[in-house]
Amino acid sequence: MPRFMIERNFAERLEMTKEGADRVNRINDEEGVRWLLTFLSADKRKTYCLYEAESAEAIRNAARRNDIPADVIIQVDEITPAMFA
């Protein structure tokens, strides 16, 4: 499954709740998108999220339905130090 890094910029500080995360995951499941990991900036206004999805369009659809930004979507591959040992 392709992986994507999504950069999101929020006008207000992001305060995620369990209910909010459950809603995001439910909609993502309906769109065939899997949320793997998120890094949150210190000011809580920007996130960098790693997702699995068939396409960037699926991520855009899920983001639109979740009413969250998807400002930059980049398909990525994984490289780890263990690959060079």
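## Quick briefing: pocket, patch and salt bridges

Let's start with the largest pocket: 16 residues line it, and Phe-10, Leu-14, Met-16, Val-24 and Ile-68 are the ones nearest its centre. Helix H1 (18-31), strand E2 (34-40) and strand E3 (46-52) each give two or more residues to that lining. Keep in mind that you're looking at a predicted model.

**The overall layout**

- The protein has two helices and four strands, and if you walk along from the N terminus you meet them in the order β-α-β-β-α-β.
- Put a box around the C-alpha atoms, along the principal axes, and you get roughly 40 × 30 × 20 Å.
- Of the 85 residues in the protein, 27% are buried.

**More on the largest pocket**

- The space inside the largest pocket comes to about 310 Å³.
- Sort its lining by class and you find nine nonpolar, four polar and three charged residues.

**A nonpolar patch on the surface**

- Leu-37, Phe-39 and Tyr-48 make up a nonpolar surface patch, and together they have about 290 Å² of accessible area.
- Tyr-48 sits in strand E3.
- Is Tyr-48 buried or partly exposed? Its relative accessibility is 33%, so Tyr-48 counts as partly exposed.

**Salt bridges**

- There are ten salt bridges in the structure.
- One of them pairs Glu-52 with Arg-3, with 3.4 Å between the closest N and O atoms. This pair links distant parts of the chain, as Glu-52 is in strand E3 and Arg-3 is in strand E1 (residues 3-9), 49 residues apart.
- The two partners sit in different accessibility classes: Glu-52 is buried, because its relative accessible area is 14%, which falls under the 20% cut-off. Arg-3 has 26% relative accessibility, so Arg-3 counts as partly exposed.
- Glu-52 also forms a salt bridge with Arg-34, where the closest N and O atoms are 3.0 Å apart. Glu-52 belongs to strand E3 and Arg-34 to strand E2, so this pair ties together parts that are 18 residues apart in sequence.
- Which residues join up in a network of salt bridges? They are Arg-3, Arg-34, Glu-52 and Glu-78.
- Over at the helices, Arg-65 and Glu-31 meet through their side chains in a salt bridge of 3.0 Å, N to O. Here too, distant parts of the chain are linked: Arg-65 is in helix H2 (residues 56-66) and Glu-31 in helix H1, 34 residues apart.
- Arg-65 counts as partly exposed at 37% relative accessibility, and Glu-31 counts as partly exposed at 24%.

Technical notes
Residues numbered from 1 in each chain as written. Predicted model: local features only at pLDDT ≥ 70, side-chain atom pairs only at ≥ 80, totals over all residues. Heavy atoms only, no water. 1 Å grid on protein atoms, 1.4 Å probe; cavity = no way out; pocket = protein on both sides within 12 Å on 5 of 7 lines; lining within 4 Å. Points joined across faces, edges and corners; volume = space filled by probe spheres on them. Nonpolar A, V, L, I, M, F, W, Y, C, P; charged D, E, K, R; others polar. Patch = residues over 30% accessible without salt bridge, like charges linked within 9 Å, V, L, I, M, F, W, Y side chains within 5 Å. Areas by Shrake-Rupley, 256 points an atom, 1.4 Å probe, with all protein chains shown as cover. Salt bridge = Lys/Arg side-chain N within 4 Å of Asp/Glu carboxyl O. Buried < 20%, exposed > 50% of the residue type's maximum accessible area, 1.4 Å probe, protein only.
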